[in-house]
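Student: Could we go through this model together? I'd like to start with how strands are paired and then move on to the packing and the pockets.

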Amino acid sequence: MESPLPKAPQKRQVTAIIILILLILWEVGSTTIKYSVLEERESGSFVTNLAKDLGLGLGELAVRGARILSKGNQQYLQLEQKSGNLLLKEKLDREELCGDTDPCVLHFQVLLKSPVQFIQGELQLQDVNDHAPEFLENEILLKISESSHPGTAFPLKIAQDLDVGSNTVQNYTISTNSHFHLFTRNHSDGRRYPELVLDKALDREEQSELRLTLTALDGGSPPRTGTSQVLILILDINDNAPEFAQLLYEVQMPENSPIGSLVITVTARDLDAGTHGELSYSFFQSSNQVIQAFEINSVTGEIRLKKMLDFEEIQSYRMEIEASDGGGLSGKCSIAVEVMDVNDNTPELTMSVFTSDIPENTPDTVVAIFGISDPDSGENGKTKCSIQDHLPFLLKLTVENFYTLVTEGALDRESQAEYNITITVTD
């Protein structure tokens, strides 16, 4: 996109007017400074003494015009130039900033303007156990045939926990009863799944239903808990469970697909007749993200979009579908949805350093330092930057889309006292 700049007042110096973006650098150190803090610390909390870490004397940060820069102008840190202390600018919520991504790393840059030096920095937010496990449903309905054999396992729905690591769900328990015990299974994705295991044969004529309490515990000290009621209906014999043709379906959806778009239609078959062969489709063990983005037709098995997808927010979804027959048996399959990126974001520009007044007869003078970025991925996220031809200025690419604008040679105010420069950034 092109952004022409307004003219600046004339002075006895050459004036360059520019519209630009993001972060910068002139010289880059090979090391990255890394820090770690707990989330939810109060604004103004001490992180480190940056001057000491950089080997600078007291007050040297102020002399060199030190600044803290973050992508997208989101400032999480503030610098006291006189003391050299690096402080939290605001209280940081790890779940809000990173979701379930672990580790949660916030990138920032230290800019020393005189002479120009650019230092990469990382701030890792450590999780605190500030969320309790939570089941999406207050009651889990489980239909079990009275012909089920001891040792049969019945998967239960999991609890969600916004914390990560040891602070997320670690174990499940079930209330004391004479028919079942609970087994917690470790899944390949790192989550833990509860399974109800039958210890003693059921007799519907003796007892037609059971009500148990399922408890999820996280790894905090003391642990936080969440509960859901498990209602077990004991059914007469139903010989065949529904079966899907595939255990895993893989689908690709462009992120600009309209609401209501068909994602996939799943179909299971059941050899039983009557109500035992009538199937109903539903989500099983699906996250809040899946439930918010997709809906399923319980009769046809059609899965459609409930909201627009955003590749920059979520690149893929995984959901489990359950087909239940009228006799209480069910079959399951998984669906992996890959969100395809489209070029729906324009390049972004942010100026960091800009000098509008340039002395004449001073070649190789830095006029501006800026960065460009594009939230899209792949070719859609690659950017290039240019200025008009036949101007006595040069754009120099440093690293990672960081540019400096410098004078190409000595300028002569008597020949031309003012320049208007247009920066063009395209993806």
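Tutor: Two strands count as paired if DSSP finds at least two bridges between them. Keep in mind that this is a predicted model. Here strand 12 and strand 16 (residues 192-198) pair in the antiparallel sense, over three bridges.

Student: Which residue stands opposite Phe154 there?

Tutor: Phe154 faces Leu196, which belongs to strand 16.

Student: And what order do the strands of that open sheet take?

Tutor: The order is 12-16-15, three strands with antiparallel pairing. Strand 12 (153-155) and strand 15 (180-186) are the edge strands, each pairing on one side only, and the twist from one strand to the next averages 35°.

Student: Switching to packing: which residues touch the most other members of the largest nonpolar core?

Tutor: Phe294, Ile321 and Ile335 do, in a core of 27 residues. Among the elements that each supply at least two residues of this core are helix 4 (288-293), strand 26 (316-325) and strand 27 (330-340). There is also a second, separate core of 25 residues, which includes Leu56, Ala66, Leu77 and Cys98.

Student: What is Ile335 in contact with, leaving aside its neighbours within four places in sequence?

Tutor: Its contacts include Leu248, Val251, Ile264, Ile303, Tyr317, Met319 and Ile321.

Student: Now pockets: what volume does the second largest one have?

Tutor: Its volume is about 540 Å³. The lining has 26 residues, and Leu142, Lys143, Glu322, Gly328 and Ser330 lie nearest the centre of the pocket.

Student: Which strand gives the most to that lining?

Tutor: Strand 11 does, with six residues; strand 12, strand 23, strand 26 and strand 27 also give two or more residues each.

Notes. Residues numbered from 1 in each chain as written. Predicted model: local features only at pLDDT ≥ 70, side-chain atom pairs only at ≥ 80, totals over all residues. Heavy atoms only, no water. Core = buried A, V, L, I, M, F, W, Y, C linked by side-chain atoms within 4.5 Å. Buried < 20%, exposed > 50% of the residue type's maximum accessible area, 1.4 Å probe, protein only. Helix = DSSP H or I, 4+ residues; strand = E, 2+ residues; numbered from the N terminus. Contact = heavy atoms within 4.5 Å. Axes fitted to C-alpha atoms, helices over the stretch in contact; angles between N-to-C directions. 1 Å grid on protein atoms, 1.4 Å probe; cavity = no way out; pocket = protein on both sides within 12 Å on 5 of 7 lines; lining within 4 Å. Points joined across faces, edges and corners; volume = space filled by probe spheres on them.
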